[in-house]
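Here are my notes on the model. Please read them with the structure open.

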Amino acid sequence: MLINDLLTNLNSNNMKTRLFYLVLGIMVMSQQFFYGQTLVNPNANAAARKLKALLDSVYQTGKIISGQMDDSYLTYIKNTTGKEPALMGYDFNGICPSQGGNHDADKAIRWVKYRGGIAQFNWHWISPDGNGDFYTNNFNLADALNNPNSQSYKNILRDIDLVAAECKRMQDSGIAIIWRPLHEAEGKWFWWGKSGGEACKKLYRLMYDRMVNYHGLNNLIWAWTSYGTTKENWYPGDDVVDLIVYDYPDYSANGSWSQFQSLFGGKGKLFGIGEDGKLIDPNILSSQHWLYFMTWAYMVKDPSEKDGKNPVDWLKKVYNDPRVITLDDLRPPISNTKNIATGKPVMVSSTESGGVNKSNYANDGNYSTRWSSEYTDPQWIEINLGKRYNIQRVIIHWEVASAKKYIVQESNDRVSWTNVITKDNMRTGSRIDTLNNLSGGSQYVRIYGVTRTTTWGYSIYEIEIEGEQNPEAVPVAETNNSTGGDTTGSSGQTGNYCNNPLNIPIPFKHDGPGEYCWKFSGVIKNINSWSTEKVYINGVEFTNKWSDKLPLSTDGYYYVYYKASIPWSHFEINGINGQPANIPVTGISLNFSNITVAVGGSQNLMVNILPENATDKRVSWYSSDENIAVVDANGKVIGKAVGTAMISVKSESVGLIATCEVTVSEAQINPDVYCLSYIPVQLPFVKEGIGEFCFETSVKPVVVNSWALDKLAINGTDLSNKWSDQMPQPINGKWYIYYKGSLPWSHFEAMLHKSAEEKDMINMVNIFPNPFTEYFVIRSSGTDKIVRIEVYNTTGALVKILTENELDNSNELKLYMPQNGDAAYIVRVVTESKVWVGKMIQCR
């Protein structure tokens, strides 16, 4: 720990060392840090200033902060080294309207607030126009910025606003982050770099202004990624950059550190490593004082595993080096000593297939691990406290797969269970439910999930229980649903904080301290609040946030609970006053129009009611032939016998019906355990880049090829990173494809035909390794003589050529390429009778 190091060095025989650590020790013990350059945002909040002070203090010690991108590798690091990184990397990829959503802000809040770590965010930003990913050539940034009235410019602002909303949530939760937007722009492989330095700088400064001055985000430490050398013209400016970082630096004497010193050494900025593959050698720190390193995702693994860069012994050595700051070395957060659930025995109804998210992860004190159940209702998790306690508070940290309805139950014998509080109509998504002022107690506490908010199971990061030991404690049953104390996300009208709310007209504004209950009705545009302690509307928390989606109560009113303690606390409602809403159902649909299940198999149908705030959303489910398929009250369909049946769901209030045709087939193994649903595609089909996808086709591929993938499976058969014309048998007349790639050049293609010579050519020419670092080898195993080799970059420019006169007639050739960082090349090998073309990837 840093404190231990201070104490050790204070006893050093070296007077200079003792003096330095004496000064640093005084600053740390007095909760003051060595402040370097102040943050560029003059309104930076306390959390941001404190984080910057910590970074400054570390920079003075000559140590380095350990970092890791993607928290799915935490367990591997912890099991291998006994340590965890201090800095965790997150990404806003997925946040744009055409994507599936992003929940990394919730992860960052848990990591910083409950684990005491540091968070860094970057953003793999797809085309704002939705016409390509982050590598696309379809978005012209310069044109968009020069036309503020264009739709492209408006889309840029829209996407920035989506990120700002997530940053605002983190600000409201009290955490600051390192924000690294527009990374690797100088490489020009991302769309934000393809229009050149001036356009990129303009976008960066627009983003800064929008997030800081428009949205009031004061919890960000702004980092710029530079590649040094002659790239200073890309630098956005001292007034908008706090940190300067390098991705995959050259650690040689005249490498990246030297370049940074010559370009930026006089700016007073801290230098970090935004991304890297192999962990830095701590011995380098004596001459290169990097602030932190960030290992990129899978590269932390051993080289024996796909794309790993770090042998196990090296990983252990670096993480256990005293110069490397890990999570243990950071000042831990104030622990909740009242939590009596941590580490106690756990029992569950089920664990998700694969067993990764284990039951004991729900009370291990680690807010980044979780338990998850099978994908059915009901499910439960039970904690044995060992002794009887008066249970005063239960806190449940839900993952996205949360409960719509659940019951907290207590028991002293695990036979007779008492319902002490029921929660219903809880909001979808990741959330923290705090159940206060509970009565009674027990030895066993169970969270009983009745209905899920998603098609997945139930998933809980952590359960906290507070209480005092009492050998006479007995459960006290709830008197009615949704009672038992106030709660984040309560289903009571006002969160059970008060009764007799005051009827108010809208629009409505209130400022200042106090505790109030109001109710209103009409057409609501949006609500907003800031600097408040609590704001609930119909039991759902809206503390310090803007929203245009409000839950409607059963009587058509909106019930508000407001609590604040400072003069500038603010709450407002924008809309048109009106009578309490009785909003009818206008539409009903299902997530599938037809499905196939095996005999004994199941599939969950989800109903969508329009409008979202319809007053009466009750539905009934029916099967046209229960001998073929049955459906329960939650939309779970089970195959009974081979045949076809129609599943219907009916709105009980207006009689609208939606249907799904169910085909029940002979029981078969699922084509791939990774997929819940599949996207239909037409052949020929090509997929490239980062992501996890499931596709299906009713046409048999004649030949498939893939490279640089984590996984490629067709109907459960592993065909990762290979050429093949041997297709597995169809399942239900289809070929189901699972694709997982974590590299920009990950590639898969499925074709309808092949040339007569194609397979022979594949066998005749072999090029390896792929990816490569300095060189690759071309090996010919056939009798056809190679007469010409051409290498092109991704822009189509010819970068290397070897003619027949330059080839030595051998069947193996080593071809060196200049080390330009990550790059992709098209290699064309010409023989006397054939031509072979392939893609090669160069990594740092």
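1. Which residue follows helix 3, and what is the sign of its phi? Gly62 follows helix 3, and its phi is positive, near 80 degrees. Helices here are DSSP runs (H or I, at least four residues) and strands likewise (E, at least two), numbered from the N terminus.

2. This is a predicted model: local features need pLDDT of at least 70, side-chain atom pairs count only at pLDDT 80 or more, and totals for chains, interfaces and linings use all residues. Residues are numbered from 1 along each chain as its sequence is written, and side-chain values use heavy atoms, with hydrogens and water left out.

3. The chain averages a pLDDT (the predictor's confidence in each residue, from 0 to 100) of 81. Of the residues, 85% score at least 70. Over residues 15-35 the pLDDT is below 50. Where pLDDT is low, the predicted coordinates should not be read in detail.

4. Helix 3 covers residues 46-61. Its 16 residues should span 22 Å at 1.5 Å a residue (counting one less than the number of residues); the end C-alpha atoms are 23 Å apart, which agrees. At its start, a side-chain oxygen of Asn45 reaches to within 3.3 Å of the backbone nitrogen of Ala47.

5. Ser459 sits in strand 17 (residues 459-469). Ser459 counts as buried (under 20% relative accessible area, 1.4 Å probe, protein chains only) because its relative accessibility is 1%. Its side chain and that of Arg370 are joined by a polar contact of 2.8 Å (N or O atoms within 3.5 Å, one able to donate a hydrogen and the other to accept it; residues adjacent in sequence count only if both atoms are side-chain atoms).

Notes:
Contact = heavy atoms within 4.5 Å. Buried < 20%, exposed > 50% of the residue type's maximum accessible area, 1.4 Å probe, protein only.
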